[in-house]
Amino acid sequence: MLYLIILPMIVSMLLVPLIGERLIKSFKIALTGALVSLFLSTYYLFKYFGNQVTESYNWFGVSNFFNLSISGDNLTLLMAVMVSFISLMVLIFSVFYMKKEPQERYYVEMSLFIASMLGLVLSSSLLLFYIFWELVGVSSYLLIGFWYKKESASAAGKKALIMTRIGDMSFLAAIVLLFTSTGTFSIPSILQELPALPNITILLSGALILIAALSKSAQFPFYTWLPDAMEGPTPVSALLHSATMVAAGAYLLVVMYPLLFAAGLNTVIVSIGFITAVLSALLALNHRHTKRILAYSTIESLAFMFIAIGTINTGGAVFYLMVHAVFKSMLFFISGIFAVLIGVQDVYKLKLKRLSSTWLKLPALIGFASISGLPPFMSFFAHTAISANFTTIEGLVFTVISFLTALFSFRAFFLIFNRKGVKLDRKVSTAMPIYILSIISTIGGATLFFFSKVLAGFMYKIDIFTVITTAAAFLGVYVAFEVFYKDKLSTASASFKDVANKLMRVAYDKILFSIGMSFVSAGDAVGKFDNALSKFYDRSADSALFLSSKSRRIENGNVETYIIAILIGIIASLVVASVFVW
Amino acid sequence: MVNLLSLVLVPALGAVAVAINSILPRRIKPEYIAASAFLITSALFFIGVIVGFSGFSIGIINSIDFAFTLQLNGISLPFLLLAVTLPALGLWSAVKEINSGKALFYIFYLLSYASLIGVFISSNLIAFFIFWEIVLISFFFIITFWGEEETRRKAGMKFLIFTQFGSLTLLGAFILLFIYTGSFSLGTISSMISLVPSYISYVIFAFVLITAVIKMPMFPMHSWLPDAHVSAPTAGSVLLAGVLLKLGGYVLILFGSILLSSVMRSIQIPLMLLGVFTVIYSTLAASSQTDFKKMIAYSSIFYMGLVFIGIASLNQIGESGSIFLMVSHGFIVGMLFVLAGILKEKTGTRDLNRLGGLMSKMPLYSVFLVLAVIATLGVPGLSNFVGELLVFIGAYAAYPITLVALAGVLIATNYYLSALKRILYTSLKKTMSGVKDISYADAVQLSIFSIFIIIIGVVPIVITNSFSLTI
C-alpha cells in the first residue's frame, strides 16, 4: 500500500483541472494532497521502522517481466517524509507568492513534480526509478519555463531539459545494459548479482549512471543549467534546489553506490565533487543576483554530497541532503520575498535599500550560516558527517572550500542586510514556512544521533579537522564582514571578480555554445544534403510528368483511335502469350 | 463474433454510397456518409476485440491456395487498431480542409480506409497485393487533387514512383513465393517455406527489404516522404504517417523476421547499422527544418528507423518493441499532424520563424501540443516510452553498438523543444494578435488521440498482449 504516499499528489494533479479554479481553489487541493502525503509517509515510517517492505507490481511482460516495485525502509521513507514536508512548505509559500499567476497550470505542474519525486525516492526497481526520474525532469522543464513570455525563461527551461536529458539517455543505456545482463530491474537483485557480472559491464553501467547523476545534480561539467533555472518562479526554485530534481542525482548514487564502487569510480566521484565545489564557490562569489548565488551554493552542496558518497559515507550524504533541503528552501523563500516586496534581487541594489527587518534577517543569518556549516546549526553537524571519511589532503581542500563558502554566503548576507534600516511587511503565509524551516535548521542538530542509527553507512567525526574547517569558515565570515559590510578592500574584490569572470563562466559557456553550434551546423549540413538528394529524386517525378504531358495526346477522346489501340494491344498480348506457350 | 469481412465491406459500401449519393438529385453531405462508415467500422472493430473475430474465405477455384481469405495473423491486431482508428480520427481535419470535390475525396478516403484494413487481415497474397495497390493509388489521388497548390502534382508523382517501385518488388517476392511453394495462402507458404531454395530466399528477402526500405522509409529512399507530407492535406498526412508507413514495418516483420528469419539473421548487422544511420541522419535533417510539418515528417523517419532497428534485432523483445513503437507512433504522429494542420488553419503558416508566443492566445492548443511533443520524446507514462525501451533492450542484446541511436533521441529533444519554444513561448508576434483558440470539436479530436496515447503508455499490456510473433 506504499503507493498511497504518491497517490494524493497524482489525484491533486487530475483534480485541479477537472474541478476548476472557480469551484475549489487549486491551492487547497494541492495543499491537502501534500498534507495527506506527509501524513502517510510519516505513518509508514513508523509502521515499517527498521524493516524493509517491498511491493512489486507486474507492469507488462515481453519474454521477461517488466516489474515495477517500490520499497519502504528507513532510507526511502525518511526521504519521502522530507520531500512531502518541504513540498508542503513550498506550497504554503506559493499561496501568497503565486496569487496573481494562472493557478491551475501552476498547481497541476507542481503536483506532478512532487508526485514524481515521491515516486522516485520510493522506487526499488530501476525501471520505475527511471520513469519518475524522467517525469521529474519534464515537470521541472514546464515549471522553469512557467513565465513563457520571457525569452530567458523559455530558454532556461529548454536548456535544463536538454542538459538533463543527456543524463537520462545515459541512465536508460545503463538500465538496458544491466537488464540485459541480469534479467531484472530490481535494484537489490542487480546489486546482489554484481560479482557475477563481467567487469566491462560493471564499469560501463557505473560510468553511465554516474553521468546521469552528474547531469541531474548539475555537477561539473553539466552545471550550467541550474543557475539559469532561476528564471522559474521562486517557489519552483525552492523546491527544485532542495528536495526534488537536483537531489534525485545524489539519491541515485546513494541507491546504486555498490555498483559505482565495484566499477572503481569513487575517486572519480570525489574528484568531480571537489572540482565542482571549488568552481561553484568561486562563481558564487562572482555573481550579484541572490538566486544565482543560491544556485551556485546548491551546486556546491550537491558536490559535498557527491564527495561524501565517493568516500563511502552514503548515510552522511543523505543526512546532508535533508539538512540542505531545509535551509536552502528557506533561503529561496527569503529571496522570493525580496522579489515580491522590493522588486530587486541584485545584492548590490538591495544594499542600497538598507534592509533591516529582524523577521527576515534572523532566518537569513541562520540560512547563510548553514551554508557555511557554522555551529551550532544543524548544518554544522551535517558537515561533520560528510567529512568523516576524509584523508588529510581531502580535509585540507575542504578547509579551503569552507573558507570560500563562508566568504560568498556572508558576502551576500552582509550586502543585503543592515543593522538599521527599512522594515518590510510580514504575511503569515510567507513568514510561517520561513519560521518553521529556520527553527529546524537551528535546533535540528541533535537529530544527527538519530540519523546515524537509522541510516545505513552513516559516519560522523568531530576532531581537530572539524575545528580547523570551522575556524576557516569563521575567518571567511570575518573577511566578508570587513570587505563587504565595511567596504574595505573593494578594489581587491573587484579585480578578483574580473579574473573569476573571465576564467570560469565565459570560457566554459563558449565551449558549450560551440558544441551546441557544431550540432546545429551538422544538422544544417545534413539538411542541405537531404535537399540535394530530394532534388535529385525530383527528376523522376519531373520526367514522369513530362512523359504524361506528351502521352496525353493519345487520350484524345477519339473512339477510333481507342479501338485501334485496343486491337493492337490484344494482338500484341496474343503474340507474347503464344511465344511463351511454344 | 464479428466477421472480418464486415470491416472491409462497411467502408467500401460507404464509398459506393458516396458515389451514388453524388449523382442523386437530393444529396446528403458526403461527410455524413463517411462519418457513419467510420463509426460503424470502429464500433465493429472494438466489439470484435471483445467478442472475437471470425475469418472469411471464398474460393475462386476450389483450392485454399487461391481462395480470398480474410484472417487475423499473429501480428494483425495492433496494426488493425491503427488502420481502424486513425483515418476515423483524421476525418474531422478532412471536414475542415476539403472544400472542393468532396464526394470524390471521400470515395478515395474510404477506399484507402477499406483497403488498409484489408491489407492487415488478408492472408491471401493476391488479395494482399490488390489492397496494397488500392491504398497507394487512392493516396496518390488524395495528394495530387487535394494537396497544397504549388507542390502537390510533383509530390504526388514522386510518391507514386517511389511506392510503385516498392510494390513491384513486393509483387516479385510474392510471385517467387508462389512459384516455389505453389500457394498464395500465407498459412501454406509459412509451412512450406523450407521448400524454397536458399538462394531464392535471399532474392525474396531482398525484394521485401527494398519494399520496406522505400515504404518505412529508410535512407536513402526516404526523400518522397517529407514532400508527400508537406503537400498532403492533414487527413492525408495522418493516414500516411499513421498507417501507410507502418505497412513497411508490417511487411518486414511478416515476410522478413518471421518467414525468412534465417536470411535476415545473416545480414543482421548491416541492417542494424542502416537503422542507426537513418536515425542519426533523419534527426539531423529534422533539426534544420523550419516548416513544422516537414520537421514532423523527418522525425517520423527517425521513429521508423528505431522500428527498423527493433525488427532487425530479431529477438522477441526487439520485435515486440518495434510493433509497440509503430502503434504508439501512429497515434502520436497523427496527433502532431492534426496539430500542425490546426496551426496552419489558425495562423496561416507553419513556418517556425514566423510563429511565436501563441500560448497566450491558444492555451488549450498549447496543452495538446506540449503533450504530443512530450509523448513523442518518449517520456514515461506516455506510449512511446515502452516501445523505445523494448527496442533498445532488444537491439542491445543483438548488437550493442546500436545504443548510439540514443543520441538521436537527444537531438530529437533539442529540435522538438526548439519548435515548442518558437511556436508557443516568448512574446506574441504582432501578426498573430487575432489568432483564436481551437474549437470544441478540435479539442474532442485531440482528446481522443491523447486518451489513446495515455492508455497505451500507462497500461502497455493492451498492446503487448494483443499479438504474438507468428503467422
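Colleague: Hello! Why is M245(A) called buried?

Modeller: Because M245(A) has 29 other C-beta atoms within 10 Å, and buried means 20 or more within 10 Å of a residue's own (exposed is 12 or fewer, partly exposed in between; C-beta atoms are placed from the backbone). So M245(A) counts as buried. Please keep in mind that this is a predicted model, where local features need pLDDT of at least 70 and side-chain atom pairs pLDDT 80 or more, while totals for chains, interfaces and linings use all residues. Residues are numbered from 1 along each chain as its sequence is written, and chains are lettered from A and ligands numbered from 1 in the order in which they are written.

Colleague: What makes the phi of M245(A) notable?

Modeller: M245(A) is not a glycine, yet its phi is positive, about 50 degrees. Most residues other than glycine have a negative phi. You will find M245(A) in the loop between helix 10 (234-242) and helix 11 (246-262) of chain A; helices (H or I, at least four residues) and strands (E, at least two) are DSSP runs, numbered from the N terminus.

Colleague: And S63(A): is it buried, partly exposed or exposed?

Modeller: S63(A) has 14 other C-beta atoms within 10 Å, so it is partly exposed. S63(A) also has a positive phi, of about 60 degrees, without being a glycine. Its place is the turn of a hairpin made by strand 1 and strand 2 of chain A, with 3 residues between the strands.

Colleague: How do you know that those two strands pair?

Modeller: Pairing asks for at least two bridges found by DSSP. Strand 1 (residues 53-61) and strand 2 (residues 65-72) of chain A have 8 bridges, in the antiparallel sense. V53(A), for instance, stands opposite G72(A).

Colleague: What is the span of helix 18 of chain B set against?

Modeller: Against an expected span, which is 1.5 Å times one less than the number of residues. Helix 18 (residues 440-458) of chain B has 19 residues, and its 26 Å from first C-alpha to last is close to the expected 27 Å.

Colleague: Why can we say that the buried residues of this helix line one face?

Modeller: Seen down the axis of helix 18 of chain B, they fall within an arc of 155 degrees, so they line one face. Among them are L446(B), F449(B) and I453(B). On the other side, V444(B) and I451(B) are among the exposed residues.

Colleague: Where are the cis peptide bonds of F220(A) to P221(A) and F219(B) to P220(B)?

Modeller: P221(A) sits in the loop between helix 8 (199-216) and helix 9 (225-228) of chain A, and its bond has omega near 5 degrees. P220(B) lies between helix 8 (198-215) and helix 9 (224-231) of chain B, with omega about 0 degrees.

Notes: The arc is that of the directions from the helix axis to the C-beta atoms.
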